[in-house]
Amino acid sequence: MKFIVRNLGIIKEADIELKGLTVLTGLNDTGKSFLTKSIFSVIKTINESNTQLKIEQFEQIQATLTQIYQLVRPLIPLTPANQNLLFPANITNQIAAIFSQSNVPGDNNFILQLLNNYKAGITGLLNPSQPAPNPTQATQLRVASTNVDNLFRVLISKFNQASNEEENCKSYFDKVIVKKFFQAQVSPSGLNIPTSIRIVENDNELLNIAISANVVQSFKLNDIINFKEATLIETPTILQLAKFINTTLVLQGSPFNRRMVQQRAELPYHIYDLIEKLYLSTPVSTNERFTEIYNRISSIISGKVIFEPSELNFSYVKSNSNQKIKPFNIATGIKSFGIIQLLLNSGAISPNSILIVDEPEVHEHPKWEVEYAKIIVELSRNGIPIIVSSHSPYFIEALARFQDANITRFYYGEKDEAGYSKFEDVSRNLNPIFKKLAEPFQNLAFQSSENV
């Protein structure tokens with residue numbers, strides 16, 4: 001399966017084969033992280049667009065009922081009974097509860113019944129049995145009644161529209177990914193050329209996304225994409241921020257409620273997604289096939305990182321003393337390995353889910369870079385699709401040394417004179433990578449010899 005992009009941000013061209021272990025390297029600002037986040041985003045879109053549809057339907061219902069409330073409230077007596085009938089939250093809270101239950105038969109019918117009951121109550125208030133005391137008020141009630149009918153007609157018409165998977169995906173990718181996640185900076189800056197993202201398998205095109213001027217023009221899903229999940233690790237410091245983010249945004253309750261809170265706060269989705277998976281970690285769920293890898297990590301860091309539900313936080317437990325270290329005091333290198341332990345426990349690392357790790361070497365001593373590379377390779381040998389981006393000679397050399405060449409691909413990104421990058425498959429010859437990574441050392445050696 002290949003992930004093919006053209007004119008994506010600063011990336012002019014990249015054909016990335018997602019075979020087992022995919023390694024992206026190159027100098028800074030060649031688009032490695034942009035590329036990994038794009039792959040993450042596409043997988044998320046395909047598998048989560050229906051939740052986004054529910055969010056948009058709910059927000060439209062909420063906005064319409066609020067508009068009706070503001071329209072009607074000045075025209076009727078504000079008795080407790082009328083207030084109870086009119087207050088939109090009495091209906092929207094029930095609808096949110098329904099949306100929070102995934103795939104429950106009859107959801108739409110029940111929601112439509114709630115909306116029609118609300119409309120009937122409002123219509124009754126606007127058409128009282130006793131005539132209005134003066135012509136002006138009678139006209140106001142009549143106009144308001146007509147406006148309410150029109151608002152409900154539009155709302156229910158849109159709510160009843162048949163769901164279309166491609167349209168749902170297009171809406172999700174445009175609003176959540178391009179506009180929010182990438183801050184409307186997907187199209188090449190200053191160039192009036194289209195962006196394309198494709199997934200192909202052999203000669204079959206599974207997916208084709210067309211974007212122009214940071215607006216998604218089409219999202220063609222031609223066949224099933226086997227990946228059901230994607231997990232992106234950008235920084236291990238997420239362990240010390242997780243509790244703060246959770247308590248600030250109250251990322252609890254149903255997936256529907258959590259997603260609404262997350263989007264309104266504009267928290268980058270990969271951060272929220274990772275926190276949610278880390279919070280699911282429990283030692284009893286570790287798959288037997290990964291037990292050896294988990295134990296090897298424990299040996300490397302002389303302990304394990306665990307989630308403690310009672311505190312909604314993480315701890316590093318030392319093997320020799322069972323002493324618990326709080327997240328803020330855990331060495332960042334240990335956090336990096338600990339996140340893998342937590343994801344193994346939560347089941348987030350699986351053959352149907354892509355694991356994406358952005359520059360894992362940043363917080364590691366060279367010795368641990370090699371050990372981390374061994375863990376990555378071993379996971380890929382056990383059927384886990386993995387993408388890593390790196391510009392560390394230690395880490396890349398270790399991956400090259402321990403890799404399974406049948407399931408590993410190395411890509412090197414380099415900019416042209418115009419500042420746009422192209423990623424080349426260098427799996428059969430890694431010299432371009434190491435030559436570029438060795439230049440700083442060579443320059444230092446040259447400068448040192450000049451100073452002698």
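**Exercise 1. Strand 1 and its partners**

How many bridges join strand 1 to strand 4 (residues 195-201), and in what sense do the two strands run?

*Solution.* Five bridges join strand 1 to strand 4, and the two strands run antiparallel. The model is a predicted one, in which local features need pLDDT of at least 70 and side-chain atom pairs count only at pLDDT 80 or more, while totals for chains, interfaces and linings use all residues. Residues are numbered from 1 along each chain as its sequence is written, and side-chain values use heavy atoms, with hydrogens and water left out. Strands (E, at least two residues) and helices (H or I, at least four) are DSSP runs numbered from the N terminus, and two strands pair if DSSP finds at least two bridges between them.

A second partner is strand 2 (residues 11-17), which pairs with strand 1 in the antiparallel sense over six bridges. Val5 helps to place both pairings, since Val5 stands opposite Ile197 in strand 4 and also opposite Ala14 in strand 2. Strands 1 and 2 form a hairpin with two residues between them, and Gly9 in the turn has a positive phi of about 60 degrees. Finally, strand 1 (residues 2-8) is mostly covered, with five of its seven residues buried, where buried means under 20% relative accessible area, exposed over 50% and partly exposed in between (1.4 Å probe, protein chains only).

**Exercise 2. The hairpin of strands 5 and 6**

Which residue of strand 6 stands opposite Ser212, and where does Asn214 lie?

*Solution.* Begin with the pairing: strand 5 (residues 204-212) and strand 6 (residues 215-221) are antiparallel partners over six bridges. Within this pairing, Ser212 stands opposite Val215. The two strands make a hairpin with two residues between them, and Ala213 in the turn has a positive phi of about 50 degrees. Asn214 lies in the loop between strand 5 and strand 6, and has a positive phi of about 65 degrees although it is not a glycine. Such a value deserves a second look because most residues other than glycine have a negative phi. As for its surroundings, Asn214 counts as buried because its relative accessibility is 16%.

**Exercise 3. The three-stranded sheet**

What is the strand order in the open sheet of three strands, and which strands form its edges?

*Solution.* The order is 8-9-10, with antiparallel pairing. The edges are strand 8 (303-308) and strand 10 (324-325), each of which pairs on one side only. Strand 9 (residues 313-318) pairs with strand 10 in the antiparallel sense over two bridges, and in strand 10 it is Ile325 that stands opposite Tyr316.

Is Glu308 buried or exposed? Glu308 has its place in strand 8, and it counts as buried because its relative accessibility is 11%. Leaving aside its neighbours within four places in sequence, Glu308 is in contact (heavy atoms within 4.5 Å) with Asn313, Ser315, Lys324 and Lys326.

Is Asn322 buried or exposed? Asn322 is found in the loop between strand 9 and strand 10, and its phi is positive, about 60 degrees, although it is not a glycine. With a relative accessible area of 58%, Asn322 is exposed, whereas Asn214, at 16% relative accessibility, counts as buried.

**Exercise 4. The cavity and a covered helix**

Which residues line the largest cavity, and which helix gives the most to that lining?

*Solution.* A search of the whole structure finds one cavity of 30 Å³ or more, and the volume of the largest cavity is about 30 Å³. Here a cavity is a set of points on a 1 Å grid over the protein atoms alone where a 1.4 Å probe fits but cannot get out, and lining residues have an atom within 4 Å of a point; grid points are joined across faces, edges and corners, and the volume is the space filled by probe spheres set on them.

The lining consists of Leu8, Ser38, Phe173, Ile177, Val178, Phe182, Val186, Ile197 and Ile211. Helix 6 (residues 165-181) gives the most to this lining, with three residues. By class, the lining has eight nonpolar, one polar and no charged residues, where Ala, Val, Leu, Ile, Met, Phe, Trp, Tyr, Cys and Pro count as nonpolar, Asp, Glu, Lys and Arg as charged, and the others, Gly among them, as polar.

How many residues of helix 9 (residues 269-279) are buried? Nine of its 11 residues are buried, so that the helix is mostly covered. The buried residues of helix 9 include the tyrosines Tyr269, Tyr272 and Tyr279, together with His270, Asp273 and Lys277, and also Leu274, Ile275 and Leu278.

How values were computed
On a 1 Å grid over the protein atoms alone, a cavity is a set of points where a 1.4 Å probe fits but cannot get out, and a pocket is an open set with protein on both sides within 12 Å along at least five of seven lines; lining residues have an atom within 4 Å of a point.
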